[in-house]
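Thanks for coming. I have one structure to go through today, so please have the view open.

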Amino acid sequence: MFTIFKKELFAYLNSLVAYITIGVFLLVLSLLLWVFPETSVLDYGYASLESLFYLTPYLFMFLIPGITMRSFAEEKKEGTFELLVTRPLTDWQIVFGKYLAALALVLFALLPTLVYYISVYQLGTTLGNIDTGAVIGSYIGLFLLGANFAAIGIFSSALTKNQVIAFAIAIFLCFFAFSGFDSLSQLLSLQKFDGVLINLGINEHYQSISRGVLDTRDLVYFISVIVLFLSITKTVLGGRKW
């Protein structure tokens, strides 16, 4: 698994795709947080990073599928997937190796945003006038959200040989997992199940952790989604191996 992880990570870092994708993500996020007045931290009037944690999930819906779309799709297109599965590796080792490599890139994308926290910390009317506990909780929530989206992206890449199709499927699934259940709960015919539907969506659990409270139920939910999509990915690969 560690060999697969290193291979995938170096493959990402040796290509322009990862740098361009992460660069565009950071550029758009910076413009939204510091330039555009509707979402600018400077125009908000309070030492807060709420805009960062509100906007990032939607940017993640494009960033993470862009990172994961090549994971299995490229292997299948180039014919190297058959060579990979004949090596002394289990399906789980292959899936987890690729998943951890994608997760490492998500972490790399998040680390530069710590500059925003330092900036707001320094810019407060009273130095350090920012709720650090809530920020830490929100970053944990973002990382778990990224971990969920990465699992969805890996699954989407296992479905097809075409990276563009894998990208599109991942965007749809990430959006539906994050916001789709909330929208379904608003339908008149499903309003009596609104509590259940909302709890099925990622957004409810992400918002819960972002308040700075680490609830075991939220952690179990995020881990369950990751295990679910990686298990389905393993099943898809097993069914197509021969």
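I will go through three helices, the core they relate to, and then a pair of serines.

First, a caution: this is a predicted model.

Start with helix α3, residues 50-68. This helix has 19 residues and reaches 27 Å from its first C-alpha to its last, close to the 27 Å expected at 1.5 Å a residue. That span does not tell you about the bend: α3 bends by about 40° at L59. As for its surroundings, 15 of the 19 residues of α3 are buried, so the helix is largely enclosed by the rest of the structure.

Now helix α7, residues 114-123. Which residues are buried here? They are Y116, Y117 and V120. Those residues span an arc of only 100° around the axis, which puts them on the same side of α7. The general background is that an α-helix has 3.6 residues a turn, so residues three or four places apart point the same way. As for what covers the buried residues of α7, the list includes α2 (16-34), α3 and α8 (132-158).

That brings us to the core. The largest nonpolar core has 68 residues. Within this core, the residues with the most contacts are L49, F60, Y99 and F149. Helix α8 gives the most to the core, with 13 residues. If you centre your view on F149, look for P57, F60, M61, I64, C174, F178 and I202, all of which F149 touches, leaving out residues up to four places away in sequence. In general terms, nonpolar side chains tend to be buried together in soluble globular proteins.

Last, the serines. S138 lies in helix α8, and S210 lies in helix α11, residues 202-210. Are they buried or exposed? S138 has a relative accessible area of 5%, so S138 is buried. S210 also counts as buried, at 14% relative accessibility; the cut-off is under 20%.

What does each side chain reach? The side chain of S138 reaches the backbone oxygen of S210 at 3.1 Å. The side chain of S210, in turn, reaches the backbone oxygen of Y206 at 2.8 Å.

For the wider contacts, again leaving aside neighbours within four places in sequence, S138 is in contact with F53, Y206, I209 and S210. On the other side of the pair, S210 touches A134, G137 and S138, with residues up to four places away not counted.

That is what I have; I will take questions now.

Technical notes. Residues are numbered from 1 along each chain as its sequence is written. This is a predicted model: local features need pLDDT of at least 70, side-chain atom pairs count only at pLDDT 80 or more; totals for chains, interfaces and linings use all residues. Side-chain values use heavy atoms; hydrogens and water are left out. Helices (H or I, at least four residues) and strands (E, at least two) are DSSP runs, numbered from the N terminus. The expected span of a helix is 1.5 Å times one less than its number of residues. The bend at a residue is the angle between axes fitted to the seven residues ending there and the seven starting there. Buried means under 20% relative accessible area, exposed over 50%, partly exposed in between (1.4 Å probe, protein chains only). The arc is that of the directions from the helix axis to the C-beta atoms. Contact means heavy atoms within 4.5 Å. A nonpolar core is a set of buried Ala, Val, Leu, Ile, Met, Phe, Trp, Tyr and Cys residues joined through side-chain atoms within 4.5 Å. A polar contact is a pair of N or O atoms within 3.5 Å; within protein, one must be able to donate a hydrogen and the other to accept it, and residues adjacent in sequence count only if both atoms are side-chain atoms.
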